[in-house]
Amino acid sequence: MQTVIDQAQPYITAVVLAIVGILATVILRTIALLQVKADSFFDARLSVSQRELLHKIASEGFAYAQTVYKELGGEDKLQQALVYASDQLEARGIKAAPEEIRAAIEKAYLAYKATVLTKQ
């Protein structure tokens, strides 16, 4: 019986080491993914002054798209405003999620519509 265990010992050791290696790889990969998500979360958090600048640039992007791209439809104008705002924010070193930029542009649009309706 002892000889069977002695013969199987290298195989058992190899299997155990392989399992430990796989577990270590999975754990390290999970930690790396969590770090990437945490970094993107913290990078996307804007300070108060950056948020104010985001809304100012979004208003500029809306006005730019309204003026330059009069012939385009709503969604196409929105895309042009997004491009403008993204470029301006990137030039200032501000990272904002596309959804956040879009929401700021839509807010500028709603403010514009409210102003137009109150003047009528």
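What share of the 120 residues in the chain is buried? Buried residues, defined as those under 20% relative accessible area (exposed being over 50% and partly exposed in between, with a 1.4 Å probe and protein chains only), make up 17% of the chain.

The model is predicted, so local features need pLDDT of at least 70 and side-chain atom pairs count only at pLDDT 80 or more, whereas totals for chains, interfaces and linings use all residues. Residues are numbered from 1 along each chain as its sequence is written, and side-chain values use heavy atoms, with hydrogens and water left out.

**The whole chain**

Begin with the full chain in cartoon view. It contains four helices and zero strands, in the order α-α-α-α along the sequence. Helices (H or I, at least four residues) and strands (E, at least two) are DSSP runs, numbered from the N terminus. The radius of gyration is 28 Å, well over the 14 Å that the globule rule gives for 120 residues, so the chain is more spread out than a compact globule. That radius is taken over C-alpha atoms, and the globule rule is 2.2 Å times the number of residues to the power 0.38. Along its principal axes, the C-alpha trace spans about 100 × 30 × 25 Å.

Next, display the surface. The chain exposes about 9,000 Å², of which carbon and sulfur atoms supply 64%; accessible areas come from the Shrake-Rupley method with a 1.4 Å probe, and for residues only the protein chains shown count as cover.

**Helix H1**

Select residues 2-44, which form helix H1, and locate Val15 within it. Val15 is partly exposed, at 47% relative accessibility. Add Gly93 to the selection: the two residues lie 78 apart in sequence and 50 Å apart in space, C-alpha to C-alpha. Then move to Phe41, also placed in helix H1, which is partly exposed at 44% relative accessibility. The C-alpha atoms of Phe41 and Ala97 are separated by 9.8 Å, with their positions 56 residues apart along the chain.

**Helices H2 and H4**

Now select residues 48-68 (H2) and 98-119 (H4), which pack at an angle of about 65° with their axes 8 Å apart. Axes are lines fitted to C-alpha atoms, for helices over the stretch in contact, and angles run from 0 to 180 degrees between N-to-C directions. The crossing is right-handed; a crossing is right-handed if the near helix is turned clockwise from the far one by less than a right angle, and left-handed if anticlockwise. Show side chains at the contact (heavy atoms within 4.5 Å): among them are Leu54, Ala58 and Phe62 of H2 and Ile101, Ala104 and Tyr112 of H4. The contact residues divide into nine nonpolar, three polar and three charged. Here Ala, Val, Leu, Ile, Met, Phe, Trp, Tyr, Cys and Pro count as nonpolar, Asp, Glu, Lys and Arg as charged, and the others, Gly among them, as polar.

**The loop and helix H3**

Proceed to Lys70, in the loop between H2 and helix H3 (74-91). Lys70 is exposed, with a relative accessible area of 60%. Not counting residues up to four places away in sequence, Lys70 touches Ala65 and Lys77.

Finally, select H3 with H4, whose axes come within 10 Å and cross at roughly 120°. This crossing is right-handed. Residues of H3 including Leu78, Leu82 and Leu89 meet residues of H4 including Pro98, Ile101 and Ile105. By class, this contact has eight nonpolar, two polar and three charged residues.
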